[in-house]
Amino acid sequence: MSTARILITGVGGFVGAHMARRIAERGDVALGVGIDVPPPATERFLTREWRADIRDAEALKAVIGEAAPTAIVHLAGQSSAGLSFGQPLETFRINTLGTSALLEAVRSAAPEARVLVVGSGEVYGSLPAGTRVAEDAPFHPLSPYALSKAVADGIAESYSRQRLDVVRTRSFGHIGPGQTDRFLVPLLARQIAEIEAGRGEDVVRVGNLDATRDLTDVRDVVEAYLALLERGRSGAVYNVCRGEGTRLADVAHSLCERARVPIRIEVDPARVRPADIVYLVGDPSAIAAETGWKAAIPLDETLDAILEEWRSRSVEKGAS
């Protein structure tokens, strides 16, 4: 099998770091593009990387022309539903115009490349408890972020009808080492690590925990994306998820039970979104049937890894 040249947009982000590492481990060529220099832990896995705004089609065209990728994984975007309520226009511009600009650049500079456009399961909105949503379900976005990803999904589908080799995902919640504490699980882990280190009162403050989510380890998610690059059907869309619901309250209590000191949980009204999804669990049957992928890393193992990462950061912070 020939060596793949895989260009990652948003390479400096959470998933981009894991993607670059895994591509390099496989013996393929990891290439990156983003607006910031990626951290050293990511950069060392990249054969080359470029600076470009995802909304700039001409800049992307130049990058893609130089990179000559056989495949592209489109991760760049504004990924926080919570943040999108305060920055709706910027979220929409990045996620929709960015997707359109990238695909237009691909059409000009690398029309034979396969493009994996990473979307979000939040486009489905809130589901009846106990159900799993499949790819043919209608969209009911509840946040500016979800709306932007719904439109980006439509843009990607449109380009696939224009004979570009585009595969789409609707990725549900993914967590793991390296995720920013703008998101619930790393936020909890950071607070626990700081309390253990004696730098905070014995309480963690959270947003709405009365919700059920489908959570997958980011390292499993990366394997799903690689499987779709190799075996996904052009033009198709796939849920990337575990297919099991977990109450966020249970995640919070599970992390607190791992703490080395007693810890209480309090809801911070400032962290509660104006609108939120109560229940969202995906059906991964399509990706399992067509690629053989399924989530393999247990949630407990992921939570252990996240908490240990923040404990290490806390030790480094205390030593500085």
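**Exercise 1. Find which element gives the largest share of the lining of the second largest pocket, and describe that pocket.**

Step 1. With five residues, α1 supplies the largest share of the lining of the second largest pocket. The model is predicted: local features need pLDDT of at least 70, side-chain atom pairs count only at pLDDT 80 or more, and totals for chains, interfaces and linings use all residues. Residues are numbered from 1 along each chain as its sequence is written, and side-chain values use heavy atoms, with hydrogens and water left out.

Step 2. Fix the terms. Helices (H or I, at least four residues) and strands (E, at least two) are DSSP runs, numbered from the N terminus. On a 1 Å grid over the protein atoms alone, a pocket is an open set of points with protein on both sides within 12 Å along at least five of seven lines, whereas a cavity is a set of points where a 1.4 Å probe fits but cannot get out; lining residues have an atom within 4 Å of a point. Grid points are joined across faces, edges and corners, and a volume is the space filled by probe spheres set on the points.

Step 3. The volume of this pocket is about 370 Å³. Its lining has 17 residues, and A17, H18, R21, A41 and P177 lie nearest its centre. Two or more lining residues come from each of α1, α2 and α8.

**Exercise 2. Describe helix α1: its span, its buried residues and what covers them.**

Step 1. Helix α1 covers residues 14-25, 12 residues in all, and reaches 18 Å from first to last C-alpha. This is close to the 16 Å expected at 1.5 Å a residue, where the expected span is 1.5 Å times one less than the number of residues.

Step 2. Buried means under 20% relative accessible area, exposed over 50%, and partly exposed in between (1.4 Å probe, protein chains only). In α1 the buried residues are F14, V15, G16, H18, M19, A20 and I23.

Step 3. The cover over these residues includes β1, β2, α2 (40-43), β4, β7 (174-175) and α8 (218-231), a matter of contact, that is, heavy atoms within 4.5 Å.

Step 4. Just after α1, G27 has a positive phi of about 90°.

**Exercise 3. Work out the strand order of the seven-stranded sheet and place β4 in it.**

Step 1. Two strands pair if DSSP finds at least two bridges between them. The sheet is open, its pairing is parallel, and the order is β3-β2-β1-β4-β5-β6-β11. β3 (48-51) and β11 (237-240) are the edge strands; each has a single partner, so one side of each lacks a neighbour in the sheet. On average, neighbouring strands are turned by 20° against each other, direction ignored.

Step 2. Helix α3 (residues 57-67) packs on this sheet and touches β1, β2 (29-34), β3 and β4. Its direction makes about 170° with that of β3; axes are lines fitted to C-alpha atoms, for helices over the stretch in contact, and angles run from 0 to 180 degrees between N-to-C directions.

Step 3. Take the partners of β4. Strand β1 (residues 5-9) pairs with β4 in the parallel sense over four bridges, and I6 stands opposite A71. Strand β5 (residues 114-120) also runs parallel to β4, joined by four bridges; here V73 has L116 as its bridge partner.

Step 4. In a regular strand the side chains alternate between the two faces of the sheet. In β4 (residues 71-74), A71 and V73 on one side and I72 and H74 on the other are all buried.

Step 5. At the β11 edge, strand β6 (residues 165-171) runs parallel to β11 over four bridges, with R168 opposite V237.

**Exercise 4. Locate the largest cavity by its lining.**

Step 1. There are two cavities of 30 Å³ or more. The largest holds about 100 Å³ of space.

Step 2. Its lining consists of 15 residues, with T99, V117, V118, K149 and A152 nearest the centre. At least two residues each come from α5 (88-109), β5, α6 (144-161) and β6; α5 gives the most, four.

**Exercise 5. Are A68 and R163, which have positive phi, exposed or partly exposed?**

Step 1. A68, in the loop between α3 and β4, has phi near 50°. Its relative accessible area is 46%, so A68 is partly exposed.

Step 2. R163, in the loop between α6 and β6, has phi near 75°. At 79% relative accessibility, R163 is exposed.
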